[in-house]
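Let's take a friendly walk through this model, one region at a time. Have the structure open and follow along.

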Amino acid sequence: MDEQEKTFLALLESHKRILYKVANTYCANEEEKDDLLQEMTLQLWLSLSNYNGSSRWSTWIYRIALNTAISYYRKNKHRLSKTVRCSPVMVLEEDQGRKWKESDFEQLNHCIKELKELDRALIILHLDGCSTTEIAEIMAISPTNVTTRISRVKKRLRKKLESRNIYGYEHE
């Protein structure tokens, strides 16, 4: 294994939560998630030589993962009937990222999946704690546009959560 491969594998391991978040947001079942994870991994590998260090690794990975997921989602809406189950590319430990009650988390995830592709990308970046500037850089839109769009998405999510009577939901 050469140095570039070692660097890439270490990069994947340290940022796999980003890939899982994106895959979980854009895919309905495990087979699709595995396919998307493989596609994101391939796109990251193919783009590795283009990384110029002008942004953080996580910003670069988010940009590629989200662009790949949005393209994948748009191109493969009718793919389910033709998929074959493969072994997962990566494994995320069970307890990572679980602070809500499982049912609340599932409801929020379901509401997020009902959003338009770009709105999903914005909200997962926001929920992951990315700054407005980071989101703007990843999404290639202005910081003002990020703030406005996130505000609108949060309002839509709030209404969806209220209509589902999610326990523990608090108004901002």
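## The end of helix α6

Helix α6 is followed by alanine 140, a residue whose phi is positive, near 60 degrees. This is worth a pause, since alanine 140 is not a glycine. Most residues other than glycine have a negative phi. Please keep in mind that the model you are looking at is predicted.

Where does alanine 140 sit? Its place is in the loop between α6 and α7. Is alanine 140 buried or exposed? With a relative accessibility of 68%, alanine 140 counts as exposed, because the cut-off for that class is over 50%.

## The buried side of α6

Just before that loop, α6 itself has several residues out of reach of solvent: Glu134, Ile135, Ala136, Ile138 and Met139 are its buried residues. What do they pack against? Their partners are α3, α5 (117–127) and α7.

Alanine 136 is a good residue to zoom in on. It belongs to helix α6 and has a relative accessible area of 7%, so it is buried, the limit being under 20%. Leaving out residues up to four places away in sequence, alanine 136 touches Ile141, Ser142, Pro143 and Val146. For valine 146, 10 residues along the chain from alanine 136, the C-alpha atoms of the two are separated by 6.2 Å.

## How α6 meets α7

Two packed helices are described by the angle between their axes and the distance between the axes. For helix α6 (residues 132–139) and α7, the axes come within 8 Å and cross at roughly 100 degrees. That crossing angle falls between 65 and 115 degrees, so α6 is roughly perpendicular to α7.

Which residues make the contact? From α6 come Thr132, Ile135 and Ala136, while α7 brings Pro143, Val146, Thr147 and Ile150. By type, the residues of this contact divide into five nonpolar, two polar and no charged.

## Further along α7

Helix α7 spans residues 143–163, and leucine 161 is found in it. Leucine 161 has a relative accessible area of 5%, so it is buried. Glutamine 107 is 54 residues away from leucine 161 in sequence, yet their C-alpha atoms are 7.7 Å apart in space.

Serine 151 also lies in helix α7. Is this one buried, exposed or partly exposed? Serine 151 has a relative accessible area of 35%, which means that it is partly exposed, between the 20% and 50% limits. Isoleucine 123 is 28 residues from serine 151 along the chain, and 9.7 Å separates their C-alpha atoms.

## Two serines around α2

Now turn to helix α2 (residues 30–47), where you will find serine 47. Serine 47 counts as buried because its relative accessibility is 17%, under the 20% limit. Not counting residues up to four places away in sequence, serine 47 touches Trp60 and Ile64.

Serine 55 is found in the loop between α2 and α3 (57–75). Despite its place in a loop, serine 55 is buried, with a relative accessible area of 15%. Which residues does serine 55 contact, leaving aside its neighbours within four places in sequence? They are Trp60 and Glu137. Trp60 thus appears in the contacts of serine 47 and in those of serine 55, while Glu137 falls within the residue range of helix α6.

## Cysteines

How many disulfides does a search of the whole structure find? The search finds zero. A disulfide is a covalent bond between the sulfur atoms of two cysteines.

Two cysteines are still worth locating in the view. Cysteine 27 is buried, with a relative accessible area of 1%. Cysteine 111 is buried as well, at 0%.

## Stepping back to the whole chain

With the details in place, here is the overall picture. The chain has seven helices and zero strands, and from the N terminus on its elements run α-α-α-α-α-α-α. Buried residues make up 38% of the 172 residues in the chain.

Among the contacts with a separation of 6 or more, 71% are accounted for by residues 24 or more positions apart. The accessible surface of the chain comes to about 10,500 Å², and 50% of it belongs to carbon and sulfur atoms.

Methods
Residues numbered from 1 in each chain as written. Predicted model: local features only at pLDDT ≥ 70, side-chain atom pairs only at ≥ 80, totals over all residues. Heavy atoms only, no water. Helix = DSSP H or I, 4+ residues; strand = E, 2+ residues; numbered from the N terminus. Buried < 20%, exposed > 50% of the residue type's maximum accessible area, 1.4 Å probe, protein only. Contact = heavy atoms within 4.5 Å. Areas by Shrake-Rupley, 256 points an atom, 1.4 Å probe, with all protein chains shown as cover. Axes fitted to C-alpha atoms, helices over the stretch in contact; angles between N-to-C directions. Parallel < 35°, antiparallel > 145°, perpendicular 65-115°, else oblique. Nonpolar A, V, L, I, M, F, W, Y, C, P; charged D, E, K, R; others polar. Disulfide = S-S within 2.5 Å.
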